[in-house]
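The following explanation leads the reader through one molecular structure, moving from its aromatic pairs to its strands, sheets and helices.

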Amino acid sequence: MILLQGAQLNAQLSQKIKYYDETEEGRQELYENFRKKCGVNEDPNYNAQLDRIMANLTKGVAAIDPTINSKPYLYFVADQKSINASCSMGHVMMVNAGTFQKITNEDEIAAIVGHEMGHGQKNHVARGSKKRIQKAVTAALAGSAVGASIGGGQLTSLITNVALTHSIAHGDRKHETEADLLSFDYMIHTDYNPGACAAIMQKFVEMSLGSKQSGAVALFNPSDHPDSEKRRDAYVQKLYEYSKNHATAKNGVVIVNGKSLTAVAAADGMSSAERSYFILGNLATAYHKGQDKYSATVENGTVMLGNQPIIKPAEGDESAQAIADRLNAIK
């Protein structure tokens, strides 16, 4: 009987996961359940911003993974105050209202959403859910009055409830690292600044969000995510490679060909380090697209390398001309 129950449980688990992940009916059911469970924030600005991010990133994803066109995302702004986003099976995604309230830079929010789309495109939740759901169902069975005799509609109902509860759980750290790198790959196929990936991790470091902090709710889930400093540094390495090994940044200083280009001031609500990664993103894009064959110039107060804007100096920065002259000398 126990073996039969185990076989029955496995079969129904597989069926339920496939229903939520692969059928439109299941996807819509999961979507509506999450909206009821998490609440929906109708703020028009948040929703318009999420629509714009999803449209831009969908094009970025499609450039390297066209399967997204056959399984578009169902998404909403969840009425939750924390900074967080989640992607369930079936490409059902939510971004908390707190994310929009506390992060004002759209490129940084796009980097977060891109991470979740990485989970979705690689089917991390569906692939990793069965064992977690089976463990939870087994525990529920052990604690139920009917115990091993449960079956039929009761078992289906139990599996459904547990699947809903566990379907936004993330996988192992390998999945998290893969999702991070995919977010970068998606971003470079959009008009967003790829430096935002490193910048948002720097922000989390400064906000004390990440796996190094105990006793606090961290972005995503500290138990299965590498800490924010390591994630930031991995993104900086990606930017260095994207620049064809010409540009990097460290401690708020932007570096070109091993020489300091400029020390960046804190501005626009960003620390020196966070802002430096946006400048690095611009430089990496310029080098990747071959704009370094042109001279750096100053146009309307902005340092340009070819047709790529690099930095518009803020209070505390060096002058645009000083930065452009140094870039020409070291590029």
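Is tyrosine 242 buried or exposed, and what is its relative accessible area? In this predicted model, tyrosine 242 has a relative accessible area of 9% and is therefore buried, since the term applies to values under 20%. Its ring partner is phenylalanine 184: the two ring centres lie 6.0 Å apart and the planes stand at 85 degrees, so the pair is edge-to-face. The pair joins distant parts of the chain, since phenylalanine 184 belongs to helix α8 (residues 173-187) and tyrosine 242 to helix α10 (residues 228-242), 58 residues apart. Phenylalanine 184 is likewise buried, with a relative accessible area of 2%.

A search of the whole structure finds four aromatic pairs. One of them is formed by tyrosine 19 and tyrosine 20, whose rings are 5.4 Å apart from centre to centre, with 50 degrees between the planes; this pair is tilted. Tyrosine 19 is buried at a relative accessible area of 18%, and tyrosine 20 is buried at 1%.

The next element to consider is strand β3. Five of the five residues of this strand (residues 92-96) are buried, so the rest of the structure largely encloses β3. Cover is present on both faces: Val92, Met94 and Asn96 are buried on one side, and Met93 and Val95 are buried on the other.

Strands of a sheet pair through backbone hydrogen bonds, in either a parallel or an antiparallel manner. Both arrangements occur around β3. Strand β1 (residues 74-78) runs parallel to β3 and is joined to it by five bridges; here valine 77 stands opposite valine 95 of β3. Strand β2 (residues 85-87), by contrast, pairs with β3 in the antiparallel sense over three bridges. In that pairing, alanine 85 has valine 95 of β3 as its bridge partner. The hairpin of β2 and β3 has four residues between the strands, and glycine 90 in this hairpin takes a positive phi near 75 degrees.

Two packed helices are described by the angle between their axes and by the distance between those axes. Helix α5 (residues 106-121) packs with helix α9 (residues 196-206) at an angle of about 90 degrees, and their axes are 8 Å apart. The two helices are therefore roughly perpendicular to each other, as angles of 65 to 115 degrees are classed in this way. On the α5 side, Asp107, Glu108, Ala111 and Ile112 make the contact, while α9 contributes Ala196, Cys197, Ala199, Ile200, Lys203 and Phe204. By class, this contact holds seven nonpolar residues, three charged residues and no polar ones.

Further along the chain, an open sheet of three strands appears, with antiparallel pairing and the order β4-β5-β6. Its edge strands, each of which pairs on one side only, are β4 (247-250) and β6 (259-263). Neighbouring strands of this sheet are turned against each other by 30 degrees on average, direction ignored. Four bridges join β4 to the antiparallel strand β5 (residues 253-256), and within this pairing threonine 248 has isoleucine 255 of β5 as its bridge partner. Helix α11 (residues 272-288) packs on the sheet and touches β4, β5 and β6, its direction making about 170 degrees with that of β4.

Another open sheet has three strands in the order β7-β8-β9, again with antiparallel pairing. Which strands lie at its edges? They are β7 (296-299) and β9 (308-311), each pairing on one side only. The twist from one strand to the next averages 40 degrees. Strand β8 (residues 302-305) pairs with β9 in the antiparallel sense over three bridges, and leucine 305 stands opposite glutamine 308 in β9.

Helices also lie across this sheet. Helix α11 lies across β8 and β9, running at about 150 degrees to β9. Helix α11 thus has a place in the description of both sheets, as it also touches β4, β5 and β6. Helix α12 (residues 320-330) lies across β7, β8 and β9 and runs at about 165 degrees to β7.

Terms used
Residues numbered from 1 in each chain as written. Predicted model: local features only at pLDDT ≥ 70, side-chain atom pairs only at ≥ 80, totals over all residues. Heavy atoms only, no water. Axes fitted to C-alpha atoms, helices over the stretch in contact; angles between N-to-C directions. Parallel < 35°, antiparallel > 145°, perpendicular 65-115°, else oblique. Contact = heavy atoms within 4.5 Å. Nonpolar A, V, L, I, M, F, W, Y, C, P; charged D, E, K, R; others polar. Buried < 20%, exposed > 50% of the residue type's maximum accessible area, 1.4 Å probe, protein only. Pairing = 2+ DSSP bridges. Phe/Tyr/Trp six-rings, centres within 6.5 Å; stacked < 30°, edge-to-face > 60°.
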